[in-house]
Amino acid sequence: MSTVAAKEEQAASAAAGGAAMGGEEAAARAAQKRYEGLLTVRAKAVKGKGAWYWAHLEPVLIPPADTGMPPKAVKLRCALCSAVFSASNPSRTASEHLKRGTCPNFAAPPPGSAPAPGASGSQPPLPQATPQALPPNSTASSPIPISSIAPSSPRHHHHHSHPHHHHSQQHQHHQHHSGSRKRHSMPPAYTAAEPMSHHHLVVVEPSSGYHPALPALPAPPPPQQVPSALVLSGGKEDLGALAMLEDSVKRLKSPKASPGAMMPKPQADAALALLADWFLESSGSVSLSAASHPKLRAFLRQVGLPDLDLADLAGPRLDARFAEARADATARVRDALFFQLAADGWREQVVTLSANLPNGTSVFHRAVPVPAAAPSDYAEEVLLDAVASVSASGSSNDLHHCAGIISDRFKSKALRDLENKHHWMVNLSCQIHGFTRLVRDFARELPLFRSATAKSAKLAAYFNSKQAVRSLLHKHQMQELGHASLLRVAHVPFNGNGSDFRAAFEMLEDILASMRPIQLTVLEDSYKLVCIDDSVAREMVDMVQNAPYWTEAEAVHSLVKLIMDMVKEMEADRPLVGQCLPLWEELRGKVRDWCDKFNIDEGAALNLVEKRFRKNYHPAWSAAFILDPLYLVKDASGRYLPPFKCLTSDQEKDVDRLITRMVSREEAHLALMELMKWRTEGLDPLYAQAVQVRQPDRSTGKMKVANKQSSRLVWETCLSELKSLGKVAVRLIFLHATSRGFRCTPSMVRWLSASGSLGTGTDRAHRLVFVAANSKLERRDFSNDEDKDAEFLAEGEDDVLNEPGNVEPSSV
């Protein structure tokens, strides 16, 4: 066999001498990859998760003879006789060399001890190996392969003098457990040639590079009996720890480079800088401690990069990235003539403060922990301090740079007080907040909501708690939906908490999705038996088989979904203040259609919409709607005029009052004169059409305004003769109608709200949030990563997890 190996080495050496350097490196890399793969398979097998023959076969790298070139051949060496074979088919090698008696040191088990042929889940018989002695030319310190250690457990040690009895016991033990495990532990290898104190253990290190001075494979040693076997106190599980120990010893004796060549330092530094930026910009979604994950470190070594140090990431790199982000944010605020302050999260534990700029971008300012419900005067202090801080980062400390504030709370007190004290400010309430509060209005005041949610809560609670009924429901859910689950239950009556309304919507969603399984459940004979002694079961039958109940549940679910879909669109589109009136008009139209579809009293529903509209309304809605060229209407003569016809008389007066408030007393009369000119002449048709150009959105396919900035730019260019009115228009029409921007993740909330944190830790948390927030706002990514992951997992035509036949019983 050694002659065959020598011929293979000579052939490989001759081929390497004539090949190009690139081909040699590719061959060596492929061999290294194959070698590491075999080592991985063998390591798992040693732990009992692989084929039995890996106890006797070891992968080895074969270098070309006397060429100094990297090894390009991978072989399998028999640990019993040191014979070398091709590594292409280990299973066939084991069958031909071990099972058929070719190996002189491998003996078949005694007759009768092997499992029956074709037995399901059976394991190959335990190999009885003849103990192997050291070669005659070896010294006492010569290494022996790790596979030659027999980790016998103490309870079997006294059977070694009776091989047949010992093997029979192991076979019986195997048959006893064969039905409960898919894979079985590997049989112990043959005994060592000498006691462990006389020899070293050698483990081939998978990450070590090639060294030209590899020793030749030893000749097959003559078999020789030894008096005793080595006992490892931890059994075969000690092999992994033993391999790690020898690996550490080998690294200390001769440190070598990682399998991949190290990347040049400039490229490595640039790559690590990008990776560090990704960690910092994704903080909150990606844990910084993931930088020390073994798989990531292994990947870095594989591509020739050093490890990313966690202390360096959270220290100097964070400081440098924060300084860069702050300088960029300051420069962008300085370039803008004015800004709008956005405050979001007053009903949560952390309020995020951002600056919306006229060019459509946003800059994160800071996050303020609010561990308790904030009073109005405290909110006013926080908002005014933020306005002063952002103004100071601009060209001057003038508060006039703040065109207004948008907040999800404190409209009636803090925002109004600040607006009265600073007449140039336009302080708005968030439209998302207004729409979600409308859902609460419906839930509180529409009898339909109370009736549908109360009945649904009773139904869901009964079907969840009654074991026999629950089993029937799950059976039909599996048949109809492909999965089975409990029904979510909401607490009614509502106590005004927003989470109650969300829970009610989710409960209705579950019940409507399981409508067919629920109806089939009450038709079962076993359910009818339950009804004999259970009055609630009979009540459930009457309700489930009653069509008006399902109509009510569908109506409530449909209305809530209608409003929340509009909220989601606002979160994605971030509408400007001029769009507020059209949004509410769109909502009125959808509510009218809903009333017609479900035969609901239109007056009562629209009355609730009007009440919420008046609570949220601000005169800036009407003024921006009139001044924004996006909403100009073409008349019969071809002119594009502002849509005054869409306003009520009170809203027209609001436009006049707001414009005169925002300019000086000297300019008030001039501004109203320019407003009359704007009303009668409008905008040049060519520019009006250019402003109103729409194009399909890439993600949704809906038609959207191609360039939102064109409305403001028209006032600053072709309408520059209307100076007084133009000053109001450019400060007004860029204002956002929603405060929603960057939202802190739950991890960030914990960082910022942690009580008793050290000053340095809190400062580091604020820096991480600042870097991550500005990175996301710069990309104009206002989505939630968790929501995107949920949508991604729910999509896909080939998602086998959604197929009914692939549901695990444990998931029911």
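I started with strand E8 (residues 339-344) and its pairing to E9: the two run antiparallel and are joined by five bridges. Worth remembering that this is a predicted model. For a concrete register point I took Ala-342, whose bridge partner in E9 is Ser-354.

Next I checked the connection. E8 and E9 make a hairpin with five residues in between, and Gly-345 in that turn has a positive phi of about 105 degrees.

Then I went to the other neighbour of E9. Strand E10 (residues 362-369) is also antiparallel to E9, with seven bridges between them. Here I noted Val-351, which has Val-368 of E10 as its bridge partner. E9 and E10 form a hairpin too, again with five residues between the strands. The turn glycine I looked up there is Gly-360, with a positive phi of about 95 degrees.

Is E9 buried or exposed? All seven of its residues (350-356) are buried, so the strand is largely enclosed by the rest of the structure. I split them by face: Val-350, Thr-352, Ser-354 and Asn-356 cover one side, Val-351, Leu-353 and Ala-355 the other, and both sides are buried.

Last entry, a helix pair. H20 (residues 580-598) and H22 (residues 619-627) pack with axes 8 Å apart at an angle of about 105 degrees. That falls within 65 to 115, so I logged H20 as roughly perpendicular to H22. From H20 the contact uses Cys-580, Leu-581, Pro-582 and Trp-584; from H22 it uses Trp-621, Ser-622 and Phe-625. I sorted those contact residues by type and got six nonpolar, one polar and no charged.

Definitions and conventions: Residues numbered from 1 in each chain as written. Predicted model: local features only at pLDDT ≥ 70, side-chain atom pairs only at ≥ 80, totals over all residues. Heavy atoms only, no water. Buried < 20%, exposed > 50% of the residue type's maximum accessible area, 1.4 Å probe, protein only. Helix = DSSP H or I, 4+ residues; strand = E, 2+ residues; numbered from the N terminus. Pairing = 2+ DSSP bridges. Axes fitted to C-alpha atoms, helices over the stretch in contact; angles between N-to-C directions. Parallel < 35°, antiparallel > 145°, perpendicular 65-115°, else oblique. Contact = heavy atoms within 4.5 Å. Nonpolar A, V, L, I, M, F, W, Y, C, P; charged D, E, K, R; others polar.
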